[in-house]
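Biologist: Could you walk me through this model before I start on it myself?
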Amino acid sequence: MKVLSTIVERTGIATVFRRAIAGRSGLILALHRVLPAEEQSLCYNPHLVLSESAFVSLLQLLQRDYQVVPLEDVLSDPGGAEGHPKVAITFDDGWEDNYRVAFPHLLRFGMPATIFACTGLVDTLQTLPEERFARLWSQCSAHFNLEELVIDLNHWGMGRSKNLQLRPRQQYWSLELKRMPLSARLLLLDHLEQRYQITMPQLRRFLTWEQVRIMTRTGLIRIGSHTHRHSTLSSESDRDIRQELDDARISLWKHAGAVSDVLAYPNGMYNRRVQELVRSMGFNAALSTIPGFFTRESNPLAIPRIAVDNTTVTDTGTQLSTSRASFYFLSSGLRSAASF
Ligand SMILES: [Zn+2]
């Protein structure tokens, strides 16, 4: 903790946070999956996973030092009681473990959370394009086909960067893929999976509507839109953006009786055109993945969140410790610094 305080002081982060807390900020946490230790390696992206034990430690810490409230509460009034900042918990994508693993703990602690689901994935055996690409890359890598794969990707008009260093990196191509309109992305993946004979395991990765209804009936869990099919809105036409948002809205109402005017941008990607469309469709708030506090001055259509996963927070067994600047606020060291 002493080391952390030193880092906090030296980097000037404490001053920023003190100011932030003094300005009556709220915090919105962004999680994806919560998995028991033995299941974590099955997830294609470690940035999506928080271990179950770290999740429990997180809830203990929040119970002790924070006021955990529904998201709408932070959005309407981010200021918390003296020394107890308001925190809202959010989950993106609608993973099945939100119900199986995270929900029982949230119930036990009596803590509210909002799940931003892709309504087109609920109750299906579908896979996110990002996971399909990760599998494609690892299979090609294992069979020394990566060069061929990169040539194929180039043929599809991907890979605009002239930096050859980037070409062997999965992360680079994955981002390129996210920037494609969804229909083109799905077509490309279909083609490449066929060419390299990749088959995806048929698993239920996402929630069912029945699970959604069970959770929302408790009044503790709310459900919001993460679009219908996880499309990167900034890469879609106006018509397709409207369609994605409309389809998600209708599904939420039809299957869960839910109405929400809050959106979480898939892949955290948006631009001014997307914001204007989102606003014109009646959304009052949209959550980004930009790290930071939420204040009354925050842009309501680019609301910052704090990413929580195994790379930003670790559970040492007795206490949650932090490993990235965006998460320092959760340490008790910072809390005492922040309460000056
Ligand atoms: Zn997402």
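Modeller: Gladly, with one term settled beforehand: two residues are in contact if their C-beta atoms, placed from the backbone, lie within 7 Å. Please also keep in mind that this is a predicted model.

Biologist: Okay, so with that in hand, which residues is Arg-229 in contact with, beyond its sequence neighbours?
Modeller: Leaving aside neighbours within four places in sequence, Arg-229 is in contact with Cys-118, Gly-120, Leu-182 and Glu-244. For the pair Arg-229 and Glu-244, the separation is 15 residues in sequence and 7.1 Å in space, taken from C-alpha to C-alpha.

Biologist: And where does Arg-229 sit, and is it buried or exposed?
Modeller: Arg-229 belongs to the loop between β7 and α11, and it counts as buried because 21 other C-beta atoms lie within 10 Å, where 20 or more are needed.

Biologist: What about His-230 in that loop, what is its phi?
Modeller: His-230, which lies in the loop between β7 (221-225) and α11 (238-256), has a positive phi of about 65° although it is not a glycine. Most residues other than glycine have a negative phi. His-230 is buried, with 22 other C-beta atoms within 10 Å.

Biologist: I also flagged Gln-197, so where is that one, and is it buried or exposed?
Modeller: Gln-197 is found in the loop between α9 (182-195) and α10 (209-217), and it is exposed, with 8 other C-beta atoms within 10 Å. Gln-197 is not a glycine either, and its phi is positive, at about 55°.

Biologist: Let's zoom out: how many helices and strands are there in the protein?
Modeller: The protein has 13 helices and twelve strands. Buried residues account for 42% of its 340 residues, and among contacts between residues at least 6 apart in sequence, 68% join residues at least 24 apart.

Biologist: Which residues touch the most other members of the largest nonpolar core?
Modeller: That core has 67 residues, and the ones touching the most other members are Ile-28, Leu-29, Leu-31, Ile-89, Ala-286 and Val-308. If we take Ile-28 and leave aside its neighbours within four places in sequence, its contacts are Leu-71, Val-74, Ala-88, Thr-90, Leu-287, Phe-294, Ile-303, Arg-305 and Ile-306. There is also a second, separate core of nine residues, which includes Cys-140, Leu-177, Met-180 and Leu-188.

Biologist: Switching to helix packing, at what angle do α3 and α5 cross?
Modeller: The axes of α3 (residues 52-65) and α5 (residues 97-109) cross at roughly 25° and come within 11 Å. Angles under 35 degrees count as roughly parallel, and α3 and α5 are therefore roughly parallel to each other. The crossing in which α3 passes α5 is right-handed.

Biologist: And which residues meet there?
Modeller: From α3, Glu-52, Phe-55, Val-56, Leu-59 and Gln-63 meet Val-101, Ala-102, His-105 and Phe-109 from α5. By type, the residues of this contact of α3 with α5 divide into six nonpolar, two polar and one charged.

Biologist: Last one, then: how do α6 and α8 pack?
Modeller: Helix α6 (residues 129-142) packs against helix α8 (residues 170-178) at an angle of about 145°, with the axes 10 Å apart, and their crossing is right-handed. Pro-129, Glu-130, Phe-133 and Trp-137 of α6 make the contact with Gln-170, Ser-174 and Leu-177 of α8, and the residues of this contact divide into four nonpolar, two polar and one charged.

Notes
Residues numbered from 1 in each chain as written. Predicted model: local features only at pLDDT ≥ 70, side-chain atom pairs only at ≥ 80, totals over all residues. Core = buried A, V, L, I, M, F, W, Y, C linked by C-beta atoms within 7 Å. Buried ≥ 20, exposed ≤ 12 C-beta atoms within 10 Å, placed from the backbone. Axes fitted to C-alpha atoms, helices over the stretch in contact; angles between N-to-C directions. Helix = DSSP H or I, 4+ residues; strand = E, 2+ residues; numbered from the N terminus. Parallel < 35°, antiparallel > 145°, perpendicular 65-115°, else oblique. Left-handed = near helix turned anticlockwise from the far one by under 90°. Nonpolar A, V, L, I, M, F, W, Y, C, P; charged D, E, K, R; others polar.
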